[in-house]
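The following exercises are to be worked with the sequence and the coordinates at hand. Each task is followed by a stepwise solution.

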Amino acid sequence: MAAFEIIFLGTCACDFSPRLKGDCKDRFDKDVRRSSSILMNGHILVDCGPHTPGSLAIAGAPLASVTDIFVTHLHDDHFDAENIGRIASAKEEKLRLWVREDAQFAPIANTEVVRMRIGQRYDARDGTAVTPLAANHTAYPQHFIFERGGKKVFYGLDGAWVLTDSFRAMRRQQFDLLILDGTVGDYDGDLRISEHNSIPMVRMLLKSFASVGITGPSSQVYLSHLAPSLHRPHGETEEICGAFGAHVAYDGLKLTV
Ligand SMILES: [Zn+2]
Ligand SMILES: [Zn+2]
């Protein structure tokens, strides 16, 4: 059995298409991306944004099956308190909400908040260990290393580049899967590079990752959190990234690690 079964529930930055309220209301589409989130092993959610309950429904996962939500940061497209409340209220036991230790937000009914310290390793459910790393972003940001059954997954969005301490922590290990911020398309000169990656930045990062063993021949790399207004259509972006060994996530994509 795979250590991680992952489904991408959304892969968008915050420039959402109006089609999400129209023909894509109840289905996944590679070019009409929903708010970024993944579901791991059927019960661990990373982020819960404006579209996450609808995406769970499309994926056939009941709200009550979510036991834990790991929160990358508190921007609206990743932390929607009303939707987290909907998931929490669908459950009998409390929903565990994992946030950075200093995160400030109003209480949400039927949740147990776990405040995480950067660099400390935590045991979640089902033998999953989680280590938050510092991220170059705002709103109490953190990246995550998820470990289970000897496999390692890095979840690094939102954020630009990798901060020094995080790079040092990452280079002690090789990852089976890395999910990286790919907000900006394949061009130079975008104003967002101090908080998000562009494709040229990911291209450079991956060469450095390989040089220190963060990635190896069997590592899978996927870009997520793409801004459709800053990218070519999905198929073309997949081709551009394929040239340097990366893939582009899309809503509904399933991966096993
Ligand atoms: Zn975002
Ligand atoms: Zn953000």
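**Exercise 1.** Leaving aside neighbours within four places in sequence, determine which residues Glu-112 is in contact with, and decide whether Glu-112 is buried or exposed.

*Solution.* Step 1: two residues are in contact if their C-beta atoms, placed from the backbone, lie within 7 Å. By this criterion the partners of Glu-112 are Lys-94, Arg-96 and Leu-97.
Step 2: a residue is buried with 20 or more other C-beta atoms within 10 Å of its own, exposed with 12 or fewer, and partly exposed in between. Glu-112 is exposed because 12 other C-beta atoms lie within 10 Å.
Step 3: Glu-112 belongs to strand E6 (residues 111–116); strands (E, at least two residues) and helices (H or I, at least four) are DSSP runs numbered from the N terminus.

The model is predicted; local features need pLDDT of at least 70 and side-chain atom pairs count only at pLDDT 80 or more, while totals for chains, interfaces and linings use all residues. Residues are numbered from 1 along each chain as its sequence is written, chains are lettered from A, and ligands are numbered from 1 in the order in which they are written.

**Exercise 2.** Establish in which sense E10 pairs with E9 and with E11.

*Solution.* Step 1: strands pair if DSSP finds at least two bridges between them. Strand E9 (residues 142–148) is antiparallel to E10, with five bridges, and Lys-152 is the bridge partner of Glu-147.
Step 2: two residues separate E9 from E10 in a hairpin, where Gly-149 in the turn has a positive phi of about 55°.
Step 3: E10 and strand E11 (residues 177–181) pair in the parallel sense over four bridges, Val-153 being matched with Leu-177. The chain passes from E10 through helix H3 (residues 164–170) to E11 in a right-handed β-α-β crossover (clockwise from the first strand over the helix to the second, with the strands pointing away from the viewer).
Step 4: in strand E10 (residues 151–156), five of the six residues are buried.

**Exercise 3.** Which residues of H4 are buried, and where do they lie around the axis?

*Solution.* Step 1: the buried residues of H4 are Ile-199, Met-201, Val-202, Leu-205, Leu-206 and Phe-209. They lie on the same side of H4, because their arc around the axis is only 140° (taken from the directions from the helix axis to the C-beta atoms).
Step 2: the buried residues of H4 pack against E11, E12 and helix H5 (234–242).
Step 3: Lys-207 and Ser-211, on the other side of H4, are exposed.
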